[in-house]
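User: I've got a chain here and I'd like to talk through its fold. Could you take a look and let me quiz you on it?

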Amino acid sequence: MVSEKDYKILIVDDHIQTAVYLSNMLEYEGFKTFQAYDRDDAVKLVHEQKPDLILLDLALHKTTGFEVAKQLPQEKIMLMTGYNLEAGTISKFKNIVEIMPKPIDILVLKEKIRNVLRLPKKKEI
């Protein structure tokens with residue numbers, strides 16, 4: 001049976017505290033995580049680690065999540081943002097499979113990740 005430990009998630013956020021927090025929460029759930037804080041590290045880690053999903057912040061230092069998504073057209077991306085985006089903006093990117101509003105609700109994030117990766121819902125105790 002496939003479980004969380006079978007999946008790798010790359011977290012890309014230039015706010016190190018946010019990336020570490022998300023990484024810790026997802027590793028607690030059993031996922032293997034990697035962190036990148038800018039576009040170059042993200043692209044490098046994608047090629048090295050081949051993640052199953054990328055959690056990508058829209059507002060990165062010196063670039064945007066959209067620019068990163070353009071460089072990684074074959075990757076499955078969940079875009080994290082505090083902005084209200086028009087549907088047409090996202091529809092240009094076939095690799096952006098989900099939007100995660102900020103501030104992040106960790107329970108909603110876990111549910112969205114499970115849906116994107118097609119994992120069964122976990123029973124919360």
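What follows is a short back-and-forth on this chain, starting with the overall fold and ending with a few single residues.

User: Let's start broad. How many helices and strands does the protein chain have?
Analyst: Keep in mind that this is a predicted model. Reading along the sequence, you meet the pattern β-α-β-α-β-β-β-α-β-α-β-α. Counted up, the secondary structure comes to five helices and seven strands.

User: Is the protein chain as compact as a globular protein of that length, or less compact, and what is its radius of gyration?
Analyst: The C-alpha trace spans about 40 × 30 × 25 Å along its principal axes. The globule rule gives 14 Å for 125 residues and the chain comes close to that, so it is as compact as a globular protein of that length. Its radius of gyration is 14 Å.

User: And what share of the 125 residues is buried?
Analyst: For the outside, the accessible surface comes to about 7500 Å², with 53% of that belonging to carbon and sulfur atoms. On the inside, a residue has to be under 20% relative accessible area to count as buried. By that cut-off, the buried share of the 125 residues is 43%.

User: Now the sheet. Which strands sit at its edges?
Analyst: It's an open sheet of five strands with parallel pairing, in the order β2-β1-β3-β6-β7. An edge strand pairs on one side only, and that picks out β2 (32-36) and β7.

User: How many bridges join β6 to β7?
Analyst: These two run parallel, and β6 covers residues 77-81. One of the pairs to look for is M78 in β6, whose bridge partner in β7 is E98. The number of bridges joining β6 to β7 is five.

User: Which strand pairs with both β1 and β6?
Analyst: Start from β1, which is joined by four parallel bridges to β3; there, L10 stands opposite I54. From β6, four bridges in the parallel sense also lead to β3, with M80 as the bridge partner of D57. The strand you want is β3.

User: How many of the five residues in β3 are buried?
Analyst: Take the two faces of β3 in turn. One side has L53, L55 and D57, the other has I54 and L56, and they are all buried. That leaves β3 mostly covered, with a buried count of five out of five.

User: Which helix runs at about 175° to β7?
Analyst: Two helices are worth checking. α2 packs on the sheet, touching β1 (8-12), β2 and β3, but its direction makes about 150° with that of β2. The helix that lies across β1, β3, β6 and β7, at about 175° to β7, is α5.

User: Which element gives the most residues to the largest nonpolar core?
Analyst: This core has 21 residues, and L10, V12, I54, L56, F66, L79 and I96 have the most contacts inside it. Elements giving two or more residues are β1, β2, α2, β3, α3 (65-71) and β6. With four residues, the top contributor is α2.

User: How many residues are in the second, separate core?
Analyst: Look for L26, F31, M80 and M100, which are among its members. This second core is separate, and its size is 18 residues.

User: On to single residues. Where is the cis peptide bond?
Analyst: Check the loop between β7 (96-101) and α5 (106-117), where P103 sits. Omega there is about 0°, and the cis bond joins K102 and P103.

User: Is R118 buried or exposed, and at what relative accessibility?
Analyst: R118 is in the segment after α5, and has a positive phi of about 60° although it isn't a glycine. Exposed takes over 50%. R118 therefore counts as exposed, at 72%.

User: What about K50, buried or exposed?
Analyst: K50 is in the loop between α2 (39-49) and β3 (53-57). Its phi is another positive value in a residue other than glycine, near 50°. Because its relative accessible area is 57%, K50 is exposed.

User: Last one: how far apart in space are A59 and K110?
Analyst: A59 is in strand β4 (residues 59-60), and leaving out residues up to four places away in sequence, A59 touches D14 and Y83. In sequence, A59 and K110 are 51 residues apart. In space, C-alpha to C-alpha, the distance is 21 Å.

Notes: Residues numbered from 1 in each chain as written. Predicted model: local features only at pLDDT ≥ 70, side-chain atom pairs only at ≥ 80, totals over all residues. Heavy atoms only, no water. Buried < 20%, exposed > 50% of the residue type's maximum accessible area, 1.4 Å probe, protein only. Pairing = 2+ DSSP bridges. Contact = heavy atoms within 4.5 Å. Axes fitted to C-alpha atoms, helices over the stretch in contact; angles between N-to-C directions. Core = buried A, V, L, I, M, F, W, Y, C linked by side-chain atoms within 4.5 Å. Rg over C-alpha atoms; globule rule 2.2 N^0.38 Å. Areas by Shrake-Rupley, 256 points an atom, 1.4 Å probe, with all protein chains shown as cover.
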